[in-house]
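Please read the following report alongside the sequence and the coordinates. It goes from whole chains to single residues.

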Amino acid sequence: MPLLDARSDLQLLEAHRSGERRAFDELVRRHGDRLWAVALRVLRDPEDAADVLQDALESAYRRSAAFRGEASVSTWLHRIVVNKCVDRIRYDRARPPSGYGRPHRVPVGRDPAEGATTRLAVLDALANVPVDQRVPVVLVDVMGYPVAEAAAILQVPVGTVKSRCARGRVRLAGLLGHLREEGA
Amino acid sequence: MNGPGEYAGSGGWLTRLAEADAGLPDEEAAARVVAAAGPGTGRVLAALVATRAELAAVAPVRMPTAVAARLAAGFDAIDRENEPVNRQPNDTDDLHVRRRRRPLLLTAAAAALVAAAFVGPSTGPAGDAVDPASAAARVLAEGTLDVGELREPGTLAACLAQAGAAPAHGPLLAGRPVVVAGRRGTLLVLGTGALGRVRSVVPAEGCDAVLADLTTGG
């Protein structure tokens, strides 16, 4: 069993740049579970999440010189994963439906029999939130990151994260059945 | 001030209340918005609290073994691309590291996969020594799929049935010929349908017995 590596994330990234093969592995060991969770919660589908995580981390592995140190290594890795997730969602949305697979979209709306908003499992509901709201909701409300950290990952102001989270929560509250229209 | 009937609008009463709940535009102004929101405010705020609680209760997840293995294989492939430029071809230290296939990324579950299943010495098909404890992890990391006719799902199903093994419940991820306790067989690493869990099963040559069958991970 390998001993824990005491080096900082930045030291590991520098070691990776210097050609130390296992330095980046240690970074993935430290942050991989959270990066995986972000990809999985944003994309919903495990195969899509695996594809995106691989694409993102291989990109980071190849282009570690692009890290300028303005943010932490963790923030940088998260940013790459989140951006790849958004790219994937937009790519999928632009493609014509194939008729197979990719069960991202769950029909949502009023139950005609009861006149009530259909209650969905929270993960299905998340998949029906617009991506610009879904990502900050995943980071802040699901993953528990501070708003400032989410803002750093997304490279937007703190107020933008709060606003997008607020709008996402409103939509989710409806999808989850916590909010119902008067008289419904 | 509008009321709760403006449900889930794109910029109305409910959204302003949710933004105030999130601390916008600032804590003081948000408090004023909440205080002035009128009837239904408490119900909406309770709904937002319940929503956040449901989101916070989403179970944490760990990166599945198969995903870690794919990452390891991908990093190895990148290293190999770079080798002609950066490495001497007879660099024995480098060769040693490459053979280890990034053990940090191959979780204990994968590494233990075959350690528990293989009780005898294993060799590769050409007789070269193979470390049985890392065989499953290695074929996953390398993406090795050298299983002959067992690649065909019908043949695989028939072989498992004839050998007396449970049917496959997930895709064939990797595999290769092995020798277990002196008998030739084929290591098959199968998905299980459960994220992060893989099954390692070794039908004997001729599919007349099961030499190993273990599900781990996740």
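The report below covers the two chains, their contact, the nonpolar core and a few local features. The model is predicted, and every value given here was computed from it.

**Chains**

Chain A is built from 8 helices and 2 strands, and its elements follow one another from the N terminus in the order α-α-α-α-β-β-α-α-α-α. Chain B has 8 helices and 4 strands, and its pattern along the sequence is α-α-α-α-α-α-α-α-β-β-β-β. The table sets out the values for each chain.

| Chain | Length | Buried residues | Contacts joining residues 24 or more apart, out of those with a separation of 6 or more |
|---|---|---|---|
| Chain A | 184 residues | 43% | 62% |
| Chain B | 218 residues | 38% | 54% |

**Contact between the chains**

Where the chains meet, 41 residues of chain B are in contact with 46 residues of chain A. On the side of chain B that touches chain A, helix 1 (13-21), helix 3 (41-56) and helix 4 (65-86) of chain B each supply at least two residues. Sorted by class, this side of chain B consists of 27 nonpolar, 6 polar and 8 charged residues.

**Nonpolar core**

Nonpolar side chains tend to be buried together in soluble globular proteins. In this model the largest nonpolar core has 96 residues, and the ones with the most contacts inside it are A:W36, A:V38, A:A39, A:L53 and A:V81. Helix 2 (residues 21-43) of chain A gives the most to this core, with 12 residues.

Which residues does A:W36 touch, if those up to four places away in sequence are not counted? They are A:A49 and A:L53 in chain A, together with B:V61, B:M63 and B:V67 in chain B.

**Helix packing in chain A**

Helix 7 (residues 147-154) and helix 8 (residues 158-175) of chain A pack with their axes 8 Å apart and at an angle of about 105°. Because angles of 65 to 115 degrees count as roughly perpendicular, helix 7 and helix 8 of chain A are described as roughly perpendicular to each other. From helix 7 of chain A, the residues A:V147, A:A148, A:A150, A:A151 and A:L154 take part, and they meet A:V158, A:V161 and A:K162 in helix 8 of chain A. By class, the residues of this contact between helix 7 and helix 8 of chain A comprise 7 nonpolar, no polar and 1 charged.

**A partly exposed arginine**

A:R62 lies in helix 3 (residues 46-62) of chain A. Is A:R62 buried or exposed? The residue falls between these two classes and counts as partly exposed, because it has 13 C-beta neighbours inside 10 Å, whereas a buried residue would need 20 or more and an exposed one would have 12 or fewer. A:R62 and A:H16, which are 46 residues apart in sequence, have their C-alpha atoms 10.0 Å apart in space.

**Hairpin in chain B**

Strand 1 (residues 172-180) and strand 2 (residues 183-191) of chain B run antiparallel and are joined by 8 bridges. Within this pairing, B:G175 has B:L188 in strand 2 of chain B as its bridge partner. The hairpin formed by strand 1 and strand 2 of chain B has 2 residues between the strands, and B:A181 takes a positive phi near 50° in this hairpin.

Conventions:
Residues are numbered from 1 along each chain as its sequence is written. Chains are lettered from A and ligands numbered from 1 in the order in which they are written. This is a predicted model: local features need pLDDT of at least 70, side-chain atom pairs count only at pLDDT 80 or more; totals for chains, interfaces and linings use all residues. Axes are lines fitted to C-alpha atoms, for helices over the stretch in contact, and angles run from 0 to 180 degrees between N-to-C directions. Angles under 35 degrees count as roughly parallel, over 145 as roughly antiparallel, 65 to 115 as roughly perpendicular and the rest as oblique. Two residues are in contact if their C-beta atoms, placed from the backbone, lie within 7 Å. Ala, Val, Leu, Ile, Met, Phe, Trp, Tyr, Cys and Pro count as nonpolar, Asp, Glu, Lys and Arg as charged, and the others, Gly among them, as polar. A nonpolar core is a set of buried Ala, Val, Leu, Ile, Met, Phe, Trp, Tyr and Cys residues joined through C-beta atoms within 7 Å. Two strands pair if DSSP finds at least two bridges between them.
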